[in-house]
Amino acid sequence: MQLIRITFATVFACLLTAVSLNAQQDYFQQEVNYTIEATLIDAQHVLEAQMTIEYINNSPDELSTLIFHLWPNAYQNANTAFAQQKVNTNNADFYFADAEDWGGFLDVQFTQGETALSYESLDGQVDIVTLTLDEPIPAGGRTELKIDFVLDVPASFSRLGHVGDSYQMTQWYPKPAVYDRDGWHPMPYLDQGEFYSEFGDFDVKITLPQNYVVGASGQLQTESEKAFLKDKMASTAEHLELVQANIKNGTYTVRLMVAIPSAEEMKTIHYIAEDVHDFAWFADKAFYVVGDVITLDSGKEVETYVMFTEKEADLWKDAITYVNRSVKFYSDKVGEYPWPHATAVQSALSAGAGMEYPMITVIGLSGNAKSLDRVITHEVGHNWFYGILGSNERMHAWMDEGLNSYYENRYMATYWKDDAGVSLPNFLAKDTDYEVNELLYQILVKQNAAQAPSTDAEDTWQGCYFLGAYVRVPFLWSYVDEY
């Protein structure tokens with residue numbers, strides 16, 4: 001019998017074909033376009049914003065109500081789904097935090113035409129509301145909603161937050177839930193478990209003190225800000241030369257970070273992002289900036305940036321290389337990067353080692369160069385298995401994390417050839433050839449505690465979430481590639 005070599009690409013193509021053949025004719029996808037003008041009042045950690053959305057109803061149904069996610073309200077009190085999940089995973093920091101460190105919307109007002117709209121919480125959840133429209137949206141129709149909101153930015157407990165005057169602005173605006181052929185997909189904000197969102201265009205203007213450095217999902221439109229970043233890149237290059245010299249002579253130490261007063265002058269920065277399903281931005285007066293331009297095989301140019309603080313400057317001096325080659329690697333193995341820039345920022349993050357958003361990712365402290373390269377590559381890779389495909393991550397985390405981790409592992413094997421994976425402690429390694437994650441999975445199986453990778457995020461035990469979403473799927477494709 002002839003042996004047929006099965007590759008990951010072959011299996012993935014078969015899966016896509018099967019999905020296509022089984023797809024019903026009534027498939028549709030809604031479109032939501034955003035125009036946002038936001039002002040950061042950093043002395044109060046408050047954001048004031050005016051937002052207009054164009055909601056395009058491509059469904060066959062008339063919609064008299066819309067369901068909105070008010071995800072910042074997850075930080076409003078100790079009774080939210082997020083707070084309960086943190087307690088259930090043995091982390092009570094948020095639950096017992098001072099109320100002044102909590103946050104959420106101080107005010108949200110919806111208007112359709114000239115009519116103020118009413119809304120009510122869905123099933124008592126403060127971060128999901130049902131909005132009653134004054135004029136229903138017919139099938140194939142569209143409407144425009146004006147949304148004014150004031151956000152009290154919480155301390156950093158998960159993804160959205162601030163540490164002093166360093167801001168991580170993610171899941172920060174009212175956002176419609178997905179409506180597809182299965183109906184509405186309302187979901188509370190959770191630490192474990194990510195998102196599912198409608199695609200559209202974003203036109204965003206951010207006003208804040210002049211000396212903040214900002215990294216964002218969108219393509220920067222403001223010429224004065226481009227000049228500001230260019231100056232930052234020049235001063236960063238001088239600083240990194242000093243860092244490199246001190247590393248070489250063994251005298252490098254992390255400089256003490258001191259508070260930088262906010263400038264009295266304000267600036268407004270304009271960004272545009274097309275065909276994305278989210279918009280995030282990060283602001284810090286202490287950011288260093290390194291920029292570059294890479295050329296993909298097609299000739300397309302992609303601007304790349306890294307923004308980082310003094311905390312791990314000795315590692316981030318090489319981070320632009322990691323961003324550049326991860327964009328090229330995924331473009332070669334999966335498909336060309338579709339957007340004009342890719343940015344990685346080092347900032348506060350209390351929900352894992354890194355978190356992805358379209359065109360930008362936030363990275364926590366990494367400890368060493370290999371770990372930094374791995375997490376940057378993983379998060380940049382999400383631009384494909386999240387940014388482009390946009391699957392329901394809350395229901396099918398493995399479709400995003402697992403497929404991405406497979407390519408991340410291939411990247412690491414390419415650029416860190418001495419990487420043998422995670423080593424086992426001596427007392428465990430004595431009588432086993434297992435890699436550590438394989439051993440952990442075998443232990444769960446023996447205890448009858450393993451859960452299927454397809455288990456919903458809310459229903460997955462913390463240990464099984466990592467193994468199911470991140471580990472078992474790349475193991476599977478690695479085994480397939482061997483035959």
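**Entry 1: H5 against H6**

I began with H5 and H6, which I note as oblique to each other, because their angle falls in none of the parallel, antiparallel or perpendicular ranges. The model I am reading is a predicted one. I looked up the geometry behind that label and found that the axes of H5 (residues 319-333) and H6 come within 9 Å and cross at roughly 40 degrees. I recorded the handedness of this crossing as right-handed.

I then listed who meets whom: from H5 the contact takes in Ala 319, Tyr 322, Val 323, Arg 325, Ser 326, Val 327 and Tyr 330, and from H6 it takes in Ala 369, Leu 372, Asp 373, Ile 376, Thr 377, Val 380 and Gly 381. Sorted by class, the residues of this contact are nine nonpolar, three polar and two charged.

**Entry 2: H6 against H8**

I turned next to the pairing of H6 (residues 369-381) with H8 (residues 397-415), where I read a packing angle of about 135 degrees and axes 9 Å apart. Angles over 145 degrees would count as roughly antiparallel, and H6 and H8 are therefore entered as oblique to each other. The crossing of H6 and H8 is right-handed.

On the H6 side I noted Lys 370, Asp 373, Arg 374, Thr 377, His 378 and Gly 381, which meet Glu 401, Asn 404, Ser 405, Glu 408, Asn 409, Tyr 411 and Met 412 of H8. By class I have two nonpolar, six polar and five charged residues in this contact.

**Entry 3: H2 and the residue after it**

In H2 (residues 81-88) I marked Phe 82, Ala 83, Gln 85 and Lys 86 as buried. Looking down the axis of H2, I found these buried residues within an arc of 165 degrees, so they line one face of the helix. Just after H2, I noted that Asn 90 takes a positive phi of about 65 degrees.

**Entry 4: positive phi in two loops**

I kept in mind here that most residues other than glycine have a negative phi. His 45, which is not a glycine, nevertheless has a positive phi of about 55 degrees, and I located His 45 in the loop between strand S1 (31-41) and strand S2 (46-56).

Asp 123 is likewise a residue other than glycine with a positive phi, near 55 degrees, and I placed Asp 123 in the loop between strand S6 (119-122) and strand S7 (125-137). I also checked its accessibility: Asp 123 has a relative accessibility of 70% and so counts as exposed, the cut-off being over 50%.

Note on methods
Residues are numbered from 1 along each chain as its sequence is written. This is a predicted model: local features need pLDDT of at least 70, side-chain atom pairs count only at pLDDT 80 or more; totals for chains, interfaces and linings use all residues. Side-chain values use heavy atoms; hydrogens and water are left out. Buried means under 20% relative accessible area, exposed over 50%, partly exposed in between (1.4 Å probe, protein chains only). Helices (H or I, at least four residues) and strands (E, at least two) are DSSP runs, numbered from the N terminus. The arc is that of the directions from the helix axis to the C-beta atoms. Axes are lines fitted to C-alpha atoms, for helices over the stretch in contact, and angles run from 0 to 180 degrees between N-to-C directions. Angles under 35 degrees count as roughly parallel, over 145 as roughly antiparallel, 65 to 115 as roughly perpendicular and the rest as oblique. A crossing is left-handed if the near helix is turned anticlockwise from the far one by less than a right angle, and right-handed if clockwise. Contact means heavy atoms within 4.5 Å. Ala, Val, Leu, Ile, Met, Phe, Trp, Tyr, Cys and Pro count as nonpolar, Asp, Glu, Lys and Arg as charged, and the others, Gly among them, as polar.
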